[in-house]
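Colleague: I'm new to this one, so please pick out the strands for me. Take me slowly through who sits beside whom.

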Amino acid sequence: MLKLIFKNLWARRRRNIWVVVEMVLITVVAWVVLDPAIVTGYHLSLDPGYDIDRLVAINLAEIPKGGKGYDEDAEGKMMENVYRILDKVRTDSRVEAATIAPNLRPEGSASVLNSFPVDTVSGYYLDVKFFRGTDYFKTFGIKGLDGKPFQEPPLSGSEIIVSRSVAQIMHPGINAVGHYFNETTDTTFEKYSWNRDRLIAGVTDEIAYRSTIGRSPVSFQYDDEYNSNIYRSANAVILVLRIKPGINPHRFIEEYSPIIASELKAGNVYAHSPQLYTQLRDNMAMDAHNKYVISLALAVFFFVNLCLGIIGTFYLQTRTRSRDTGIMRSFGATPRKILMEIMSEGWIMTTISWILGCCIFYVYARKNGLARPVGAWYSDTDAVLSVLPLWFDSFWTHFFVVSLIIYAILMLTVSIGIYIPARSISKANPVDALKDE
């Protein structure tokens with residue numbers, strides 16, 4: 001059967017070569033439009049590493065001095081009143097855990113990048129701030145290296161908690177807990193002195209600081225909220241709630257909003273504007289999402305039209321094969337055998353075209369590189385890639401994954417274009433198929 005397939009392809013070589021050229025061009029165009037969409041879509045869909053789906057954020061604000069309802073006695077007691085509101089939130093039976101989170105938090109509006117203090121290491125890690133003893137890790141659902149919820153260790157001095165990637169970079173091959181963060185650096189380097197005495201008290205699993213960033217080496221550092229100038233205003237922090245399983249987050253916000261408006265107030269601090277934590281993520285990722293949606297829409301538009309062209313080409317070409325199928329039927333070929341032979345011809349041409357198209361794009365990719373995800377603006381250094389690898393970091397893995405996705409789409413499209421007419425003509429009566437001969 002295989003010999004007959006190649007014989008038929010060769011007999012129609014003049015017509016088939018144009019089909020192959022068309023398919024090669026479609027393969028190259030598919031690479032151009034699909035590669036960025038596939039990589040960015042995967043990047044934005046990565047697991048953030050914490051329980052984001054059950055998180056609710058509540059904003060805080062203060063009555064301005066001299067404003068209506070301003071309490072003179074509460075002046076200078078902002079954080080004390082924030083804690084009082086937090087205690088009220090925790091009394092709700094639907095709340096599993098709650099914490100206070102500053103701006104330097106997952107999906108926060110601010111970010112601080114620090115370079116790794118090792119001469120032989122390039123790259124950055126992100127600072128996350130938290131308040132001791134506020135169930136921060138429990139609320140966010142951050143896991144430890146054993147896959148279980150991370151338990152905040154006793155903290156009293158200048159300890160630091162780091163993610164697994166930071167621990168591997170700073171202390172490769174050993175348990176980083178109990179080691180000083182910068183003990184592997186040259187003590188003469190004054191620029192690294194700010195973290196010299198920070199003892200690593202715990203190591204968490206990975207989290208994504210923002211969905212657009214994806215992989216995020218992170219250090220968790222606690223603040224002394226009462227003495228820090230950062231927390232002079234209540235809007236520098238938010239309350240983060242983790243609701244219990246089985247409770248609809250949208251309904252919770254709807255039902256809890258009146259309580260927030262009437263009860264969540266202490267001194268001059270009041271709560272307002274509850275929202276899903278996923279909304280914070282979407283707001284932070286808006287630009288990347290918009291670029292992704294545009295690229296995906298263009299990819300779908302062009303690729304659908306190209307695929308329709310493929311289907312039309314193979315549909316018309318297959319419809320002209322009724323004479324051939326009539327001859328095959330007259331010699332005893334079954335409809336199934338005829339169908340498989342015609343489809344195999346299309347599959348072989350598709351495979352050849354796909355290989356040629358991928359080879360052409362390979363020449364371009366070796367010179368200019370493959371697509372990188374939108375928004376991954378700092379994480380592509382060798383040190384970070386070594387501890388947080390993703391499939392698109394490896395050229396060959398990236399090339400083969402996208403190539404196989406394109407191949408699967410092409411094969412499906414060609415199969416549809418051939419199967420519909422081939423199924424019909426393969427069942428035709430030989431007399432009817434050859435009546436004009």
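Modeller: Two strands pair if DSSP finds at least two bridges between them. Before we start, this is a predicted model: local features need pLDDT of at least 70, side-chain atom pairs count only at pLDDT 80 or more, and totals for chains, interfaces and linings use all residues. Residues are numbered from 1 along each chain as its sequence is written, and side-chain values use heavy atoms, leaving out hydrogens and water.

Let's start with β4, which covers residues 124-130. Six of its seven residues are buried (under 20% relative accessible area with a 1.4 Å probe, counting protein chains only; exposed is over 50%, partly exposed in between). That is why β4 is largely enclosed by the rest of the structure. For scale, 50% of the protein's 437 residues count as buried.

Now for the partners of β4. Strand β7 (residues 218-222) pairs with β4 in the parallel sense, over five bridges. If you want a spot to click on, Val128 stands opposite Phe220 in β7. Strand β3 (residues 113-115) runs antiparallel to β4, and three bridges join the two. There, Asn114 stands opposite Tyr125 in β4. Both kinds of pairing work through backbone hydrogen bonds.

Next, look for an open sheet of five strands, with the order β2-β8-β1-β10-β9 and antiparallel pairing. Its edges are β2 (95-102) and β9 (265-266), each of which pairs on one side only. For β9, two bridges lead to β10 (residues 269-276), and the two strands run antiparallel. One of the links is easy to find: Ala266 has Val269 in β10 as its bridge partner.

Two helices pack on this sheet. Helix α3 (residues 78-90) touches β1 (55-62), β2, β8 (237-243), β9 and β10, where a contact means heavy atoms within 4.5 Å. The direction of α3 makes about 160 degrees with that of β2; axes are lines fitted to C-alpha atoms, for helices over the stretch in contact, and angles run from 0 to 180 degrees between N-to-C directions. Helix α6 (residues 249-263) also packs there, touching β1, β2, β8, β9 and β10, and its direction makes about 170 degrees with that of β10.

Stepping back, the protein has 13 helices and 10 strands, taken as DSSP runs (H or I, at least four residues, for helices; E, at least two, for strands) and numbered from the N terminus. Of the contacts between residues at least 6 apart in sequence, 80% join residues at least 24 apart.
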